[in-house]
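Q: Pick one part of this model and walk me through it closely, please. I'd like to know what sits around it and how it packs, with the cut-offs spelled out as you go.

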Amino acid sequence: IYNNVFYTKIYNNLLLSLIKIDNHFTILINENLDKFINIHNFIYIKDEDNIKDSKNYDKYYCFFIFYINLFINNQLEIDYLIKTLNKLHEIIFQNINEEGKTEFIEILNSLILNIISNIYNAPVFLNNINLFDEFYLNVEKIKKLKKNNFKSLSNKTIFSNMDIIDKYKLK
């Protein structure tokens, strides 16, 4: 699951087929669920020269997309996805006023956008829309923030949250 985004769907379908044969394969999913929920600890790592480790980012980004597909295919409880969204927002709010965290916040925000854009039309979202109230409140908060009032808030993050409201909020 750590290769590239294209293969994540293939791996996901393979795992779903294996689960139909033997339900013990769900253990693999559950063993790595904490890594999904705490993706902020894995996806953005800098080396000793303060340079982002792109291979690490790609690896965990694919892992992240793989898990989103598991949610779409109802292999994981929606509560874990909600917990992840709330955790990502929490980390953004904790770091938004720290110097030098702009790129980190943009990455976390892109993960949020990836979740919502991938699940938006899926039954897992549509059947549980009421569980996303806090998520949308946080998106609205970020959307209304002023870049100049925060050390690590970028226009990219603000506009991304505007897009989430415009494109992915049920009216």
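A: Let's start with a term: a residue is buried under 20% relative accessible area, exposed over 50%, and partly exposed in between, using a 1.4 Å probe and protein chains only. By that yardstick, 44% of the 171 residues in the protein chain are buried. Keep in mind that this is a predicted model, where local features need pLDDT of at least 70 and side-chain atom pairs count only at pLDDT 80 or more, while totals for chains, interfaces and linings use all residues. Residue numbers run from 1 along each chain as its sequence is written, and side-chain values use heavy atoms, with hydrogens and water left out.

Now the overall layout. The protein chain has 9 helices and 0 strands, taking helices as DSSP runs of H or I with at least four residues and strands as runs of E with at least two, numbered from the N terminus. Contact here means heavy atoms within 4.5 Å. Of the contacts in the protein chain between residues at least 6 apart in sequence, 71% join residues at least 24 apart. The accessible surface is about 9,400 Å², and carbon and sulfur atoms hold 50% of that; the areas come from Shrake-Rupley with a 1.4 Å probe, and for residues only the protein chains shown count as cover.

The part I'd zoom in on is helix H8, residues 133-144. Its 12 residues reach 17 Å from first C-alpha to last, close to the expected 16 Å, where the expected span is 1.5 Å times one less than the number of residues. Buried in H8 are Phe135, Tyr136, Asn138, Val139, Glu140 and Ile142. Their cover includes helices H5 (78-95), H6 (102-119), H7 (123-126) and H9 (155-168).

Take the H5 side of that cover. Two packed helices are described by the angle and the distance between their axes. The axes of H5 and H8 come within 10 Å and cross at roughly 25°; axes are lines fitted to C-alpha atoms, for helices over the stretch in contact, with angles from 0 to 180 degrees between N-to-C directions. H5 and H8 are therefore roughly parallel, the word used for angles under 35 degrees (over 145 is roughly antiparallel, 65 to 115 roughly perpendicular, the rest oblique). From H5, the contact is made by Leu85, Asn86, His89, Ile92 and Phe93, and from H8 by Glu134, Phe135, Asn138, Val139, Lys141 and Ile142.

Leu85 deserves a moment of its own. This H5 residue counts as buried because its relative accessibility is 0%. Not counting residues up to four places away in sequence, Leu85 touches Ile112, Ile115, Phe132 and Phe135. Leu85 and Phe132 are 47 residues apart in sequence, yet 9.1 Å apart in space, C-alpha to C-alpha.

H6 also helps cover H8. Its 18 residues should span 26 Å at 1.5 Å a residue, and the end C-alpha atoms are 26 Å apart, which agrees. Among the buried residues of H6 are Phe104, Ile107, Leu111, Ile112, Asn114 and Ile115. Asn114 counts as buried because its relative accessibility is 16%. Leaving aside neighbours within four places in sequence, Asn114 is in contact with Tyr61, Ile65 and Ile68.
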